[in-house]
Amino acid sequence: VLCLYFQEVPRNGEWLRWVALAVFIAAAVTDILDGYLARKWGELTAFGRIVATSMLREDLSRRLELVDYRKQHPELELEEVKQPLFILGLPRTGTTLLYNLLARDPDHRSPLGWEALYPTPPPRAETYDSDPRIERACRQYDATSRFIPNLQAIHPTGARLPEECIVIKAREFQTGQYWYTFDVPTYYEWIASHSLVPAYRG
């Protein structure tokens, strides 16, 4: 379209501008129609399929890393987490705020964003603030913010901020992260009919 809509048109070439306008309108209409049909039929647009494939591939990679690490370290099954705190509530009721307040208590331990995204191997105390996964996670959170500019005002996230179970449960493919991102009712129906216990045991 940009190639057709140039300032100086050849003699008798005014029609090229109308062609450019028609192509632009056709592209806009088909894009709107594509999105409408995808939502109506519970399918993804072409761009949505690209994003979904990338997310699923990433989550599958992290899951395989976790499975492999646990096989190499069976002693993890004997680890005991004493008196964990669980924050439960409906969306938009202040659970994230409470979670972040508790995370500031030095006597509590909350996983940060980079740990939730890249959990294996476990972080080491001597490199906790300089682990290369932090920068990688920063890029991932920044990319999300570019796609969803208002997200930080609604739900602050970041590589060095406490992260909730929505990211962690993605390793079991049982997470609201998918139905928040994609309009796929069948996935919501599937997750609603399955126990989340495996996702929390992860």
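## A loop residue tucked away

Ser110 sits in the loop that links helix H3 (95-103) and H4. This is a predicted model, and in it Ser110 counts as buried because its relative accessible area is 14%, below the 20% cut-off. What does Ser110 touch, leaving aside residues up to four places away in sequence? The list is Tyr99, Ala103, Glu115 and Pro162.

One of those partners, Tyr99, turns up again in H3, where the buried residues are Thr95, Thr96 and Tyr99. Looking down the axis of H3, these buried residues fall within an arc of 95°, so they line one face of the helix. On the face of H3 turned away from that buried side you'll find the exposed residues Leu97 and Leu101.

## The overall build

Zooming out, the protein chain has 10 helices and 0 strands. Walk along the sequence and the pattern reads α-α-α-α-α-α-α-α-α-α.

Of the 202 residues in the protein chain, 24% are buried. The chain exposes about 15,000 Å², and carbon and sulfur atoms supply 62% of that area. As for contacts with a separation of 6 or more, 49% of them join residues 24 or more positions apart.

## Two nonpolar cores

In soluble globular proteins, nonpolar side chains tend to be buried together. Here, the largest nonpolar core has 10 residues, including Leu112, Trp114, Ile134, Tyr141 and Val167. Which helices each supply at least two residues of this core? They are helix H4 (113-117) and helix H5 (132-147).

Apart from that core lies another, made of 8 residues, with Ala52, Tyr178, Phe182 and Tyr187 among them. Back in the largest core, Val167 is worth a look: not counting residues up to four places away in sequence, Val167 touches Ala116, Leu117 and Gln177. Ala116 and Leu117 are themselves members of the largest core.

## A greasy patch on the outside

Not every nonpolar side chain is hidden. Trp18, Leu21, Phe24, Ile25 and Val29 make a nonpolar surface patch of about 550 Å².

Take Leu21 from that patch. Leu21 belongs to helix H1 (residues 15-40). Is Leu21 buried, partly exposed or exposed? Leu21 has a relative accessible area of 40%, so it is partly exposed; exposed would call for over 50%.

## Backbone oddities in the loops

Three spots in the backbone are worth checking on screen. To begin with, the peptide bond from Thr120 to Pro121 is cis, with omega near -5°. Pro121 lies in the loop between H4 and H5, the two helices that each give at least two residues to the largest core.

The other two spots are about phi. Gln83 has phi near 50°, a positive value in a residue other than glycine, and Gln83 is placed in the loop between helix H2 (46-72) and H3. With a relative accessible area of 77%, Gln83 is exposed. Phe173 also has a positive phi, near 60°, and it too is a residue other than glycine. Where is Phe173 found? Phe173 is in the loop between helix H7 (165-168) and helix H8 (176-181). Phe173 has a relative accessible area of 22%, so this residue is partly exposed, while buried would mean under 20%.

Notes:
Residues are numbered from 1 along each chain as its sequence is written. This is a predicted model: local features need pLDDT of at least 70, side-chain atom pairs count only at pLDDT 80 or more; totals for chains, interfaces and linings use all residues. Side-chain values use heavy atoms; hydrogens and water are left out. A nonpolar core is a set of buried Ala, Val, Leu, Ile, Met, Phe, Trp, Tyr and Cys residues joined through side-chain atoms within 4.5 Å. Buried means under 20% relative accessible area, exposed over 50%, partly exposed in between (1.4 Å probe, protein chains only). Helices (H or I, at least four residues) and strands (E, at least two) are DSSP runs, numbered from the N terminus. Contact means heavy atoms within 4.5 Å. Patches are made of residues with over 30% relative accessible area and no salt bridge: like charges are joined within 9 Å, nonpolar side chains (Val, Leu, Ile, Met, Phe, Trp, Tyr) within 5 Å. Accessible areas come from the Shrake-Rupley method with a 1.4 Å probe; for residues, only the protein chains shown count as cover. A salt bridge is a side-chain nitrogen of Lys or Arg within 4 Å of a carboxyl oxygen of Asp or Glu. The arc is that of the directions from the helix axis to the C-beta atoms.
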